Amino acid sequence: MKMKSENSYKKQRKKSKEFKTRQEYLEHELEIMNFKRWKVHLPFRDFHIEIEDLVPALAATIGKVVMVTAMVAAFAIQFGLTPEFIAENVRYELLIAGGIFVILFSAILNPTANLAGTHGPMIPLIPIIALAGGHPLALGILIGVFGILLSITKGGSKLMNLTSVGVRGGLLIYLGAVGLISQIKKLELWSADTEIIALSFVIIGVTIFIYAYLARVNKRWLAIPLCSALAGLIAFLMGADFAFTTKPGLPHFSPFYWWGETTGWKLGWPNFEHYIAVVPFAILAVAMWSPDFLGHRVFQEINYPKKAKKVLMDVDDTMTVASIRQIIGSILGGGNIASSWGTYMIPAAIAKRPIPGGAVLTAILCIAFAILGYPMDLAMWEPVLRIALIVGVFLPLLEAGMQMIKTQKSSLSAGTCIFACAFVNPVFGWALTMLLDNLGLIGDKERAKNLSMKEKLIIPGVMFLVCVISLALVGQLRGIPGMF
């Protein structure tokens, strides 16, 4: 029986030519895979690597380079570190992610745990963390500890189950719309700096037509490589400057170098005061995980066939992996703050691919980008970067949120969520709307009647208080000065 269970995927697998369409083949693959938590999984025995896996891998690597650079640069500005430090730490983070965690955890040990990426919403808080006397290593360790506590108690999956369809949809619509507008504005600013007439208009116009066509022929998974390549080509042909500047190389690997007083971060090892200073920021970082993870899981549920239950992202296990990655990565000297890897999960779900196949390719690309150096320049070039994020992350978020709003009750919850998100931020909006929705004050009142007092008030209420107090302490509530 054990041997039969282990070989069930290989026995049930069929070649793609046996299906009428590629989509039927990909959905069949999802339905027959049977991943086990914390067991060894191997390519071609438990899953296959398909051409579609290359798209999320490419999107994930581009996103990783960009997000880690933004995060490390934010730290570097506060601590007076050089551009050379930023480039070397980004290389180091790519090797930590690709060489250790992506392969080991998301491809082999637990393929239902999404890759541990970068926590983008924390970037604006980094100046406040530095002013409060925070230390990057102390912050990373506490985020990991709090994250493990949340995953052990199954808090992530519980919060996901208590978030209604309307709240989920509103959260996705807000994140998609705000991100889309932001990326377009940044592309327009870059275009204006080049002084090339109508550059951003041509790039975005071509992107709209290509994306619409790919959606019509059910090939949206090709949007990232095709639209990004065309954006770069159009910009270059219209005269935009581009040059390769990052040379091949390897970073330092010693934690003692990175946490030395005269080398690396030049901060030394953290003391007790450093840990106290970052407590509210670490709590807030982990509190922001739930809506982030929720959005990624929703994409799989929308795009996967209903029978593909055993390949869906496990929220609690993803929190565990992100927490472990955070602690080890910080101790090693990396400047990343971890979360679920959105630029991987969203394209992978659209392409109807499970986590492990693309994880293998993501690891390879991260290592290649880090060692070669030159691909990092291309991934960070404005037209390539902005269009990749637009078609690979924010447009799909917007579409998925709109698909979830099917009733008037759901639209009320979604509208309230969008309003609250715009008023403060997505964490506040999600926590407040989840509480109101579960109490039956908005949304589906019949759903609220079926919830226990713990599910209706205690858990959502505690989560809302944690979010509000954390946001207030760090000065993220309008009109309320922070204590740090």
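This passage describes the largest pocket, a buried isoleucine, the aromatic pairs and some local features of a predicted model.

The largest pocket holds about 1,300 Å³ of space. It is lined by 44 residues, and those closest to its centre are Met 67, Gly 120, Pro 121, Leu 175 and Phe 394. Several elements give two or more residues to this lining, namely helix 4 (54-79), helix 9 (165-194), helix 14 (289-303), helix 16 (342-350), helix 19 (382-404) and helix 21 (426-438). The most is given by helix 9, which supplies nine residues. In character, the lining comprises 26 nonpolar residues, 13 polar residues and five charged residues.

Ile 203 belongs to helix 10, which spans residues 199-216. Its relative accessible area is 1%, and Ile 203 is therefore classed as buried, a term that applies under 20%. When neighbours within four places in sequence are left aside, the residues in contact with Ile 203 are Leu 187, Trp 190, Ala 231, Ile 234, Ala 235, Pro 383 and Ile 387. One of these, Ile 234, stands 31 residues from Ile 203 along the chain, and the C-alpha atoms of the two are separated by 6.8 Å.

Aromatic side chains form 19 pairs in the model. In one of them, Phe 244 and Tyr 374 meet edge-to-face, with 5.8 Å from centre to centre and 75 degrees between the planes. This pair links distant parts of the chain, since its members are 130 residues apart. Phe 244 lies in the loop between helix 11 (223-237) and helix 12 (255-258), whereas Tyr 374 lies in helix 18 (residues 374-379). Phe 244 is partly exposed, with a relative accessible area of 49%, and Tyr 374 is also partly exposed, at 35%.

A further pair is formed by Phe 423 and Phe 428, whose ring centres are 6.4 Å apart. The planes of these two rings stand at 65 degrees, so the pair counts as edge-to-face, the term for angles over 60 degrees. Phe 423 is partly exposed, at 44% relative accessibility, whereas Phe 428 is buried, with a relative accessible area of 11%. Ring pairs also join Phe 75, Phe 79, Phe 85, Tyr 92, Phe 253, Tyr 257, Trp 258, Trp 259 and Trp 265 into a cluster. An aromatic ring also takes part in an arrangement with a charge: the charged end of Lys 64 sits over the ring of Trp 341, at 5.0 Å from the ring centre.

In helix 3 (residues 22-32), the buried residues are Tyr 25, Leu 26, His 28, Glu 29, Leu 30 and Ile 32. These buried residues pack against helix 2 (8-12).

Two residues that are not glycines have a positive phi. Trp 38, with a phi of about 55 degrees, lies in the loop between helix 3 and helix 4. This tryptophan is partly exposed, with a relative accessible area of 34%. Asn 218 likewise has a positive phi of about 55 degrees and is found in the loop between helix 10 and helix 11. At 58% relative accessibility, Asn 218 counts as exposed, because the term applies over 50%.

How values were computed:
Residues numbered from 1 in each chain as written. Predicted model: local features only at pLDDT ≥ 70, side-chain atom pairs only at ≥ 80, totals over all residues. Heavy atoms only, no water. 1 Å grid on protein atoms, 1.4 Å probe; cavity = no way out; pocket = protein on both sides within 12 Å on 5 of 7 lines; lining within 4 Å. Points joined across faces, edges and corners; volume = space filled by probe spheres on them. Helix = DSSP H or I, 4+ residues; strand = E, 2+ residues; numbered from the N terminus. Nonpolar A, V, L, I, M, F, W, Y, C, P; charged D, E, K, R; others polar. Buried < 20%, exposed > 50% of the residue type's maximum accessible area, 1.4 Å probe, protein only. Contact = heavy atoms within 4.5 Å. Phe/Tyr/Trp six-rings, centres within 6.5 Å; stacked < 30°, edge-to-face > 60°. Lys NZ or Arg CZ within 6 Å of the ring centre and 35° of its normal.
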